[in-house]
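This report describes a protein structure for a reader who is new to the subject. Please keep the sequence and the model in view while reading.

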Amino acid sequence: RVSTNSMERRCKELFHRDNIGKIYLVFDGERCPLKAVTNNDRESRRQKNLTEARMFKKQGRKDKAEEKYKMCIKIHSAFADAVAEALKG
């Protein structure tokens, strides 16, 4: 719920402070056979970044670890559904 609150807050900020009229959030999450190579490449990069992030963390290189962790984030459908539900109202 904390993550959805953050996303909801940011969207409301864009609406009100920055006068953005519409926001389109796309969380399709579907695997398309035509994008299999792209999806496999993304997953490989995600795993490589995760491995490197863990290595940097063990070395005490917090900044580099954080940078790599950010590069391996994957949004799960439950989060996307919660954000969509929170923003409906």
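## A charged pair in the first helix

Glu 13 is partly exposed, with a relative accessibility of 31%; here buried means under 20% relative accessible area, exposed means over 50%, and partly exposed lies in between (1.4 Å probe, protein chains only). The partner of Glu 13 is Arg 10, and the two form a salt bridge in which the closest N and O atoms are 2.7 Å apart. A salt bridge is defined as a side-chain nitrogen of Lys or Arg within 4 Å of a carboxyl oxygen of Asp or Glu. Arg 10 is likewise partly exposed, at 38% relative accessibility. Because Arg 10 and Glu 13 are three residues apart in helix 1, about one helical turn separates them.

The model is a predicted one, in which local features need pLDDT of at least 70 and side-chain atom pairs count only at pLDDT 80 or more, while totals for chains, interfaces and linings use all residues. Residues are numbered from 1 along each chain as its sequence is written, and side-chain values use heavy atoms, with hydrogens and water left out.

## Overall architecture

How many helices and strands does the protein chain contain? The secondary structure comes to four helices and zero strands. Helices (H or I, at least four residues) and strands (E, at least two) are DSSP runs, numbered from the N terminus. Read from the N terminus on, the order of the elements is α-α-α-α.

The protein chain has 89 residues, of which 18% are buried.

## Further salt bridges

In total, the structure holds eight salt bridges. Side chains of opposite charge can pair when their charged atoms come close. One of the eight salt bridges joins the side chains of Glu 8 and Lys 12, at 3.2 Å from N to O. Both residues belong to helix 1 (residues 2–16), where they are four residues apart, about one turn of the helix. The two partners differ in their surroundings: Glu 8 is buried, at 14% relative accessibility, whereas Lys 12 is partly exposed, at 42%.

A further salt bridge links Glu 43 with Arg 46, the closest N and O atoms being 2.7 Å apart. These two residues are found in helix 2 (residues 36–58), three residues apart, about one turn of the helix. Glu 43 is partly exposed, with a relative accessible area of 25%, while Arg 46 is buried, at 17%. Elsewhere, Arg 10, Glu 13 and Arg 17 are joined into one network by salt bridges that share partners.

## A positive patch on the surface

Which residues form the positive surface patch? The patch is made by Arg 31, Lys 35, Arg 42 and Arg 45. Patches consist of residues with over 30% relative accessible area and no salt bridge; like charges are joined within 9 Å, and nonpolar side chains (Val, Leu, Ile, Met, Phe, Trp, Tyr) within 5 Å. Lys and Arg count as positive and Asp and Glu as negative, whereas His and the chain ends are not counted. The place of a charge is taken as NZ of Lys, CZ of Arg, CG of Asp or CD of Glu. Accessible areas come from the Shrake-Rupley method with a 1.4 Å probe, and for residues only the protein chains shown count as cover.

One member of the patch, Arg 42, is located in helix 2. Arg 42 is partly exposed, at 38% relative accessibility.

## Cysteines

The structure holds zero disulfides, a disulfide being a pair of cysteine sulfur atoms within 2.5 Å. Cys 11 is buried, at 5% relative accessibility, and Cys 72 is also buried, with a relative accessible area of 12%.

## Distances between parts of the chain

Ser 6 lies in helix 1 and is partly exposed, with a relative accessible area of 37%. Although Ser 6 and Val 83 are 77 residues apart along the chain, their C-alpha atoms are separated by 9.4 Å.

Leu 50, in helix 2, is buried at 19% relative accessibility. The C-alpha atoms of Leu 50 and Lys 70 are 9.1 Å apart, and 20 residues separate the two along the chain. Glu 67 is part of helix 3 (residues 62–70) and is partly exposed, with a relative accessible area of 39%. Between Glu 67 and Phe 56, 11 residues apart in sequence, the C-alpha to C-alpha distance is 9.8 Å.
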